[in-house]
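Student: I have just opened this structure and would like a close look at a single part of it. Could you take me through the second helix and what surrounds it along the chain?

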Amino acid sequence: MAKASGTGAHRGPSSAPSSSSEPVYPCGFCLGEVHDDQDAILCEASCQKWFHRECTGMTETAYGLLTRETSAVWACDFCLKSKEIQSVYLRENLGQAAVAATAAEG
């Protein structure tokens, strides 16, 4: 598996070599480096931080589903609690799919 970015769950950041000791992409939970060969997901809904899949408590099955859904946007627990947003939603610029999802919620 790989990281999730831009579309819910998939290939994550490419870590460029860094001269500092600080992680280039620290996990929003454990603060450890998130590498592009690890299962990880980006909180695109708000904070734009990367999270190891294991740190989020997300199952491999759920991660796999998000990886395949290009219109899904994931939100971390902190953003869910502090900003009252959904954990996963469809991108609005995808037309009818987003409209259908919004109508189903209402």
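Tutor: Here is a walk from the whole chain to helix 2, then on to the stretch that follows, and last to the cysteines.

Please keep in mind that this is a predicted model. The protein chain averages a pLDDT of 75, and 60% of the residues score at least 70. Over residues 5-11 the pLDDT is below 50, although this stretch has 40 contacts in the model beyond near neighbours in sequence. Residues 95-106 also have a pLDDT below 50, and there the model shows six contacts beyond near neighbours in sequence.

Now for the setting. The protein chain has four helices and five strands, and along the sequence they follow the pattern β-β-β-α-α-β-α-β-α. Of its 106 residues, 32% count as buried. Among the contacts in the chain with a separation of 6 or more, 46% are between residues 24 or more positions apart. The accessible surface comes to about 6,400 Å², and carbon and sulfur atoms account for 53% of that.

Let us turn to helix 2 itself. Tyr 63, Gly 64 and Leu 66 are buried in helix 2. Seen down the axis of helix 2, its buried residues fall within an arc of 165 degrees, so they line one face of the helix. On the other side of helix 2 you will find Thr 61, Leu 65 and Arg 68, which are exposed. A general point helps here: an α-helix has 3.6 residues a turn, so residues three or four places apart point the same way.

Follow the chain onward and you come to a loop. Ser 71 sits in the loop between helix 2 (60-68) and strand 4 (72-74). Is Ser 71 buried or exposed? Its relative accessible area is 6%, so Ser 71 counts as buried. The side chain of Ser 71 also makes a polar contact of 2.5 Å with the side chain of Glu 69.

Next comes Ala 72, which is found in strand 4. With a relative accessibility of 2%, Ala 72 is buried. Its C-alpha atom is separated by 9.5 Å from the C-alpha atom of Glu 44, though these two residues are 28 residues apart along the chain.

For another strand residue, look at Leu 42, which lies in strand 2 (residues 40-42). Leu 42 counts as buried at 11% relative accessibility. The C-alpha atoms of Leu 42 and Cys 27 are separated by 9.5 Å, and the two residues are 15 residues apart along the chain.

That brings us to the cysteines. A disulfide is a covalent bond between the sulfur atoms of two cysteines. How many disulfides does the model have? The count comes to zero, with the cut-off for a pair of cysteine sulfur atoms set at 2.5 Å. Take Cys 30: the closest cysteine sulfur is that of Cys 55, and at 3.8 Å it is too far for a bond. Cys 30 is partly exposed, at 39% relative accessibility. For Cys 79, the closest cysteine sulfur belongs to Cys 76, and because the sulfurs are 3.6 Å apart, they are too far for a bond. Cys 79 is buried, with a relative accessible area of 0%.

How values were computed:
Residues are numbered from 1 along each chain as its sequence is written. This is a predicted model: local features need pLDDT of at least 70, side-chain atom pairs count only at pLDDT 80 or more; totals for chains, interfaces and linings use all residues. Side-chain values use heavy atoms; hydrogens and water are left out. Buried means under 20% relative accessible area, exposed over 50%, partly exposed in between (1.4 Å probe, protein chains only). Helices (H or I, at least four residues) and strands (E, at least two) are DSSP runs, numbered from the N terminus. A polar contact is a pair of N or O atoms within 3.5 Å; within protein, one must be able to donate a hydrogen and the other to accept it, and residues adjacent in sequence count only if both atoms are side-chain atoms. Contact means heavy atoms within 4.5 Å. Accessible areas come from the Shrake-Rupley method with a 1.4 Å probe; for residues, only the protein chains shown count as cover. pLDDT is the predictor's confidence in each residue, from 0 to 100. The arc is that of the directions from the helix axis to the C-beta atoms.
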